[in-house]
Amino acid sequence: MTRPPLTLYLAAPRGFCAGVDRAIKIVEMALEKWGAPVYVRHEIVHNRFVVDALREKGAVFVEELDECPTDRPVIFSAHGVPRAVPAEAQRREMIYVDATCPLVSKVHNEAARHHENGLQMVMIGHAGHPETLGTMGQLPDGEVLLVETADDVAGLSVRDPEQLAFITQTTLSVDDTAGIVAALKARFPAIVGPHKEDICYATTNRQEAVKAMAPKADAMLVIGAPNSSNSRRLVEVGRTAGCAYAQLVQRADDIDWRALEGIRSIGITAGASAPEVLVNEVVDAFRNRYDLTVEMVVTAEENIEFKVPRVLRQPA
Ligand code: 0O3
Ligand code: SF4
């Protein structure tokens, strides 16, 4: 039987960002340095395959610090933690390594600076997401108010509209966030904040690549986990950019081949926490069924790398 032709567009950049790469390295290096078990508070990044591979090497994943013994090291996930968490680790005299992405820490520092300047903050983010909890948890309760949508802005009750700043989660939709920032500025003209928002380079670049790819593709798959905020945003961006069938898949097994019947082209990308081995698995699954032509859709080049913390570096 001859296989039908299919053009497979592969977005670039896609997959691991510098913060994810660093966080995974931190767990691996901690296991080398201290041996197993090493505890990790929350999934180091939101990907089951990454987590399972580290668990295999001796990492133990927990949700809260009180689930860790005091005599083993603990690592805080890439998404960041409220200030109370390292404070509690210190109080319990634990060894801890903070794998918070430096670009998330940058937002924490921004929040602390606004607070020192006497400003109350509005955070644009998703309720309950660990990054939002970690960033809001840099400051006392009530100092950071959360909005998820432009509609939420009308319901805000602030201390002083003249003494207000905004900060954002790093993995939001660039376009949706622009609308929320515009609503904030319309209601609170004195509000201060970053030039645009705090969305990171990796989030921005992956969304840009999807915008270039989606209009050409009959269907689009984003490789990523259901709890991965940045991956879910890529699905939404794909749909908004004109690809009616855009779906999140964790790996090749999740592909709904029936839904793809009759397509002539497919777009593939991966969230910042999805390993490239899963992209290869998905591409191979298409190669098995179609006469495949692979075309790259490149919208940016990335060469950012973050250093691991000093405590894990080899002595010079
Ligand atoms: O924040 P998100 O749910 O997208 O997290 P992931 O999927 O683990 O991706 C890494 C991003 C991150 C650690 C925070 O910016
Ligand atoms: Fe850091 Fe951005 Fe990656 Fe989050 S998505 S870990 S902020 S580089």
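**Backbone outliers and overall shape**

I'll start with one residue: H42 is at 13% relative accessibility, so it counts as buried, the cut-off for that label being under 20% relative accessible area. This is a predicted model, and H42 has a backbone detail to look at in it. Its phi is positive, about 75°, although H42 is not a glycine. You will find H42 in the loop between β2 and α2, which covers residues 48-57.

Which other residue can be set beside it? E93, also not a glycine, has a positive phi, near 55°. E93 is placed in the loop between α3, residues 84-91, and β5, residues 96-98. Is E93 buried or exposed? E93 is exposed, with a relative accessible area of 70%. So H42 is a buried case, and E93 is an exposed one.

Next, the cis peptide bonds. The bond from A12 to P13 is cis, and its omega is near 0°. P13 sits in the loop between β1, residues 5-12, and α1. A cis bond also joins A36 to P37, with omega near -5°. P37 belongs to the loop between α1 and β2, residues 38-41.

Both of those loops border α1, and I'll take that helix now. α1 runs over residues 18-34, which makes 17 residues. From first C-alpha to last it reaches 24 Å, close to the 24 Å expected at 1.5 Å a residue. Which residues of α1 are buried? They are A18, G19, V20, R22, A23, I24, I26, V27, A30 and L31. The list includes a charged residue type, arginine, at R22. After α1 comes G35, with a positive phi near 75°.

Now the chain as a whole. It contains 10 helices and 12 strands. The radius of gyration is 21 Å and the globule rule gives 20 Å for 316 residues, so the chain is as compact as a globular protein of that length. The C-alpha trace spans about 70 × 55 × 35 Å along its principal axes.

On burial, 53% of the 316 residues count as buried. Of the contacts with a separation of 6 or more, 75% are between residues 24 or more positions apart.

Last, surface and charge. The chain exposes about 14,800 Å², and 48% of that comes from carbon and sulfur atoms. There are 33 positive and 43 negative side chains. How far apart do the centres of the two sets lie? They lie 3 Å apart.

Key: Residues are numbered from 1 along each chain as its sequence is written. Chains are lettered from A and ligands numbered from 1 in the order in which they are written. This is a predicted model: local features need pLDDT of at least 70, side-chain atom pairs count only at pLDDT 80 or more; totals for chains, interfaces and linings use all residues. Side-chain values use heavy atoms; hydrogens and water are left out. Helices (H or I, at least four residues) and strands (E, at least two) are DSSP runs, numbered from the N terminus. The radius of gyration is taken over C-alpha atoms; the globule rule is 2.2 Å times the number of residues to the power 0.38. Buried means under 20% relative accessible area, exposed over 50%, partly exposed in between (1.4 Å probe, protein chains only). Contact means heavy atoms within 4.5 Å. Accessible areas come from the Shrake-Rupley method with a 1.4 Å probe; for residues, only the protein chains shown count as cover. Lys and Arg count as positive and Asp and Glu as negative; His and the chain ends are not counted. The place of a charge is taken as NZ of Lys, CZ of Arg, CG of Asp or CD of Glu. The expected span of a helix is 1.5 Å times one less than its number of residues.
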